[in-house]
Amino acid sequence: MPDAMPNLSQAQRPGVEQLPFEPRIVAFLCNWCTYLAADLAGTSRMKYAPNMRVVRVMCSGRVDPQFVLDAFAHGADGVLIGGCHPGDCHYQEGNYKALRRYRLLKRMLGQMGIAPERLRLEWISASEAERFRTVMNDMVEHVRALGPLHLTPAEEILAEEVTV
Amino acid sequence: MAEKPKVAFYWCASCGGCEETVVDLAEAVLDVVAAVDIVFWPVALDFKRKDVEAMADGVILATFLNGAIRTTEQEEMAHLLRRKSKLLLAFGSCSHLGGIPGLANLFDRDSVLQCVYRESPSTVNESGALPCLHYKDDGHTVELPGFHQTVRTLSQVVDVDYYVPGCPPTPRILRTALLTLLSGELPPKGAVLAPDHALCEECPRKESKPESLSLSQFKRPHEVLIDEEKCLLAQGLLCMGPATRGGCEAPCIQGNMPCTGCSGPTSRVRDQGAKILSSLASLVEGKEDAEIDRTLATIPDPVGSFYRYSLPSSMLRRRNLVDESNCQTTHAR
């Protein structure tokens with residue numbers, strides 16, 4: 001199955017100067033709370049780690065576990081899901097669904113040899129720009145400490161060496 | 001008399017169940033034999049690889065290849081049959097998605113060989129011998145196929161025209177696939193030759209599936225006396241029906257066992273395991289971590305349950321070879 005997205009993996013390539021490791025974080029932020037917190041952090045000119053690629057979704061409950069796996073498969077070192085605080089979901093229950101999926105997905109990532117810490121769920125309301133900044137900085141530092149996620153790139157699996 | 005179209009069957013990393021499907025065509029197998037010439041079928045007919053090599057390229061109308069690709073020999077045969085066939089069909093779960101052998105992608109090559117040749121309780125191997133590519137003895141060299149690190153689906157090795165799902169595909173699905181090919185009205189390339197709806201759509205217990213569900217425990221089939229009429233999910237059984245393609249006519253459900261997902265996902269889903277995780281987890285009751293985790297702990301092996309047949313075709317394809325599972329999780333959640 002052809003992959004639509006280019007592979008972003010930071011695998012060592014000969015002849016390319018190696019820059020220090022900068023974690024790539026894909027952040028799925030809910031439209032009603034965490035995205036607005038990120039927006040507020042921006043308009044308030046807060047400074048925080050620039051490692052995040054934001055994907056705005058209508059609700060944290062919209063974050064299909066496929067999105068998370070696809071991000072990891074395409075070179076993300078960490079994935080953040082941001083939603084409204086419990087009880088505050090614009091769609092009543094979406095954030096609880098996100099929480100339940102997240103608990104199971106983390107366990108499954110461990111089984112797949114991926115540090116569960118690379119996936120994080122946070123409740124950040126529209127007014128909590130400061131909290132957004134803290135979470136971002138904290139997550140970037142944790143993922144930096146873990147190092148790059150070195151999944152075997154698909155093309156390597158597909159054209160594989162053989163030895164026994 | 002016009003020459004009959006040629007058909008071949010081959011097997012790679014598989015159990016032989018897919019071959020059984022051909023036999024299970026029962027009387028219909030006579031119609032098949034009347035309509036086509038079977039030119040290669042190692043499980044039943046005495047043709048060899050050199051017979052296939054001697055054929056002109058593209059001379060076989062369709063090859064039904066079952067089994068995943070693990071060894072260099074399987075890979076060579078896949079390339080050879082691809083060249084000789086107009087149409088190549090991935091036949092059955094292993095070839096389509098990776099299948100049960102694909103669960104070996106949770107381990108690396110060395111631990112698989114260690115386990116099989118040295119550690120398993122039934123193994124007697126006093127010298128600790130492991131398979132090797134070339135072995136010299138008494139002036140002769142014996143060669144064995146190489147063993148890849150990762151199990152792959154057929155389409156990850158060669159171009160595949162169609163997929164026939166199931167572990168094994170039901171005789172009805174095989175018959176429909178054969179008739180479709182012989183009719184000359186071919187579906188678009190890459191199609192899965194089965195209906196494109198979830199199993200729940202055709203489940204005989206569909207009516208008893210509640211509008212909403214809230215589960216505090218997942219039960220395994222041996223832990224509960226299963227009601228023969230009621231939706232299995234509603235009884236707390238881990239049923240893959242919502243994330244699995246239909247068309248099999250639900251033989252497992254009719255046998256009072258939950259669906260294990262062998263037909264793979266529908267065309268709208270790329271990763272079957274992630275999708276059933278999404279579906280099942282959202283049914284869990286509770287709004288606190290501890291309560292949710294208590295319920296989820298009753299699924300002892302998420303990857304083995306959700307990707308039983310589809311790990312090599314999943315987004316991650318295999319367990320990370322750089323094992324991070326012992327990394328300190330300092331962050332509370």
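This report describes a predicted model with chains A and B, covering confidence, the fold of chain B, a helix pair in chain A and the contact between the chains.

**Confidence**

The model as a whole scores ipTM 0.92 and pTM 0.91. Within chain B the average pLDDT is 93, and 97% of the residues reach at least 70. Confidence is not uniform along this chain, as the table shows for three of its stretches.

| Stretch of chain B | Residues | pLDDT |
|---|---|---|
| Helix α2 of chain B, where confidence is lowest | 28-35 | mean of 85 |
| Helix α5 of chain B, where confidence is highest | 93-97 | mean of 98 |
| Residues 328-333 of chain B | 328-333 | under 50 |

For residues 328-333 of chain B, the model has 6 contacts beyond four places in sequence.

**Overall form of chain B**

Chain B contains 12 helices and 9 strands. Its C-alpha trace spans about 70 × 55 × 35 Å along the principal axes. The radius of gyration of chain B is 22 Å; because a compact globule of 333 residues would have a value near 20 Å, the two agree. Of the 333 residues of chain B, 41% count as buried. Contacts in chain B also link distant parts of the sequence: among those between residues at least 6 apart, 74% join residues at least 24 apart.

**A helix pair in chain A**

In chain A, helix α1 (residues 34-43) and helix α4 (residues 129-146) have axes that come within 8 Å and cross at roughly 95°. The crossing angle therefore makes α1(A) roughly perpendicular to α4(A). On the α1(A) side, the residues that meet the partner helix are A:T34, A:A37, A:A38, A:L40 and A:A41. On the α4(A) side they are A:A129, A:F132 and A:R133. By class, this contact has 6 nonpolar, 1 polar and 1 charged residues.

**The contact between the chains**

Chain A gives 40 residues to the contact with chain B, and chain B gives 41 residues. On the side of chain A that touches chain B, at least two residues are supplied by each of α2 (65-73), α3 (94-111), β4 (119-123), α4 and α5 (154-158) of chain A. The largest share of that side comes from α3(A), with 12 residues. Divided by class, the residues of the side of chain A that touches chain B are 22 nonpolar, 8 polar and 10 charged. Helix α4 of chain A thus appears in two settings: α4(A) meets α1(A), and α4 of chain A supplies at least two residues of the side that touches chain B.

Note on methods:
Residues are numbered from 1 along each chain as its sequence is written. Chains are lettered from A and ligands numbered from 1 in the order in which they are written. This is a predicted model: local features need pLDDT of at least 70, side-chain atom pairs count only at pLDDT 80 or more; totals for chains, interfaces and linings use all residues. Helices (H or I, at least four residues) and strands (E, at least two) are DSSP runs, numbered from the N terminus. The radius of gyration is taken over C-alpha atoms; the globule rule is 2.2 Å times the number of residues to the power 0.38. A residue is buried if 20 or more other C-beta atoms lie within 10 Å of its own, exposed if 12 or fewer, and partly exposed in between; C-beta atoms are placed from the backbone. Two residues are in contact if their C-beta atoms, placed from the backbone, lie within 7 Å. Axes are lines fitted to C-alpha atoms, for helices over the stretch in contact, and angles run from 0 to 180 degrees between N-to-C directions. Angles under 35 degrees count as roughly parallel, over 145 as roughly antiparallel, 65 to 115 as roughly perpendicular and the rest as oblique. Ala, Val, Leu, Ile, Met, Phe, Trp, Tyr, Cys and Pro count as nonpolar, Asp, Glu, Lys and Arg as charged, and the others, Gly among them, as polar. pLDDT is the predictor's confidence in each residue, from 0 to 100.
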